[in-house]
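Thanks, everyone; I would like to take a few minutes to walk through one model, beginning with its ligand and ending with its cores. Please keep the structure open while I talk.

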Amino acid sequence: MSSKKVIGILTWREGKRFAEPDYLRRLVKAGQELGAQIFLFSHQDVFKAERKIRGFTPKSGGGWESSWYPWPQIVIDRYRRRVPEYMKLRHSNLFKFANSPFSKKWRVTELLANDERVKRWIPETYVYTPEKLKVMLKRHPMLYVKPGNGTGGRSILKVAVRGKQYELKGRDKRYVYKNASFQRAEDVGRWVRKWVTEQRISDGNFLVQQGLDLELVSNRIADIRLLIQKDAAGEWSVTGCGVRVGEKGSSTSNLHGGGRAIPFHVFVSKRFGEEGAQQILRECHHMAHQVASVLEEKFGRMMEFGLDIGVDVDGRSWLIEVNPKPGREIFKQMKAMDLYAEAIRRPVLFAVHLIEEKTGSRIRLAAQQSQSQPKRQMG
Ligand SMILES: Nc1ncnc2c1ncn2[C@@H]1O[C@H](COP(=O)(O)OP(=O)(O)O)[C@@H](O)[C@H]1O
Ligand SMILES: [Mg+2]
């Protein structure tokens, strides 16, 4: 048997169609370059009784080829759909995972809002009910109503009070813009209730959240995407960050919704000055480390987080969202190819570290036991 480290990447597939094929192709290649035996697999590729796995690797001319692989020593979970077969596998103890299962937006927000180390960065948030909306409308000049299980800026609604008028602006499941304006809070309530019903994804709930003024350029929302990952030594380390500037008139900055990526320094120093930018960057790093350790305490070992950070017009930083399986496209779009490559290598380096730690500690433990413990007699 070869002594290559065996790393599996759990992901969704249908035939040879994979979620995120471009990223996964690069991830497998990064692993191969580091000398690992690394492959993609999905829930239907696990043959428990035979203790073998059908794995997929990229073919040189494009496409994927499959082959049989030994049981992975570590599995990186990159499955992004909550299908029952995946959930079952994820909660079984068939594999050692590099990253633990994570909760939905609401539970994560609730945890963070109640932790002294991080609560100052969390906007006021509740699970949406018509009553909560009413209360929040009185308390804040702007609100966001968003799905607790959404991704990519879909189905998010912004409600702003301007003079005697309420302005509602959102994008639906297909990113189509939807607007409305009302004079009376009851009409807002009715419209939002309809929005929540129409936009609901399966049994997911909605959140109502204090709105942040992120209009750092006129008529556009800008926020920061920061990637924090475990490094080759198993320590948290910020890989990099960038600014996402949303489409004109959009209430969100997401790249999928037409946002653009700009290097942090270029954008933030233009708005807040050189010193301001340094200070904001320090705060973002500090926030990321605190958030990572709080979440890891609650959920168990994690591997990486993508943080959506809002810096409001007064320069105050807020945590908008934590993504446990973040994309890396921002670095590619910023043309920061070294950061992009590093962001892809780190999960593999961390997986290798976990394998070495596991085997290393077992050897150390055995050595300690044979030295320090007298052999007990059985029976
Ligand atoms: N409370 C808020 N205040 C201001 N902007 C927000 C707020 N919540 C979300 N946004 C905007 O909408 C985007 C998407 O929201 P997010 O909570 O990250 O959901 P998703 O899972 O769809 O990415 C954010 O990146 C930000 O631009
Ligand atoms: Mg987001």
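Let me start at Tyr 144, where an N or O atom of the side chain is 3.5 Å from a nitrogen atom of ligand 1, a polar contact being a pair of N or O atoms within 3.5 Å. Gly 153 has a polar backbone atom 2.6 Å from an oxygen atom of ligand 1, and Gln 210 places a backbone N or O atom 2.9 Å from a nitrogen atom of the ligand. On its own ligand 1 has 540 Å² of accessible area, of which the protein covers 99% (Shrake-Rupley method, 1.4 Å probe).

A word on conventions: this is a predicted model, in which local features need pLDDT of at least 70 and side-chain atom pairs count only at pLDDT 80 or more, while totals for chains, interfaces and linings use all residues. Residues are numbered from 1 along each chain as written, chains are lettered from A and ligands numbered from 1 in the order written, and side-chain values use heavy atoms, without hydrogens or water.

There are 23 residues around ligand 1, and Lys 146, Gly 153, Asp 223, Asp 308 and Glu 321 come nearest (a residue counts as near if one of its heavy atoms lies within 4 Å).

Turning to the interior, the largest nonpolar core has 38 residues, and those touching the most other members are Leu 112, Leu 226, Leu 295, Phe 305, Leu 319 and Val 322; such a core joins buried Ala, Val, Leu, Ile, Met, Phe, Trp, Tyr and Cys residues through side-chain atoms within 4.5 Å, buried meaning under 20% relative accessible area with a 1.4 Å probe, protein chains only. A second, separate core of 33 residues includes Tyr 23, Ala 261, Ala 351 and Ile 355.

Methods:
Buried < 20%, exposed > 50% of the residue type's maximum accessible area, 1.4 Å probe, protein only. Polar contact = N/O pair within 3.5 Å; in protein donor to acceptor, adjacent residues only side chain to side chain.
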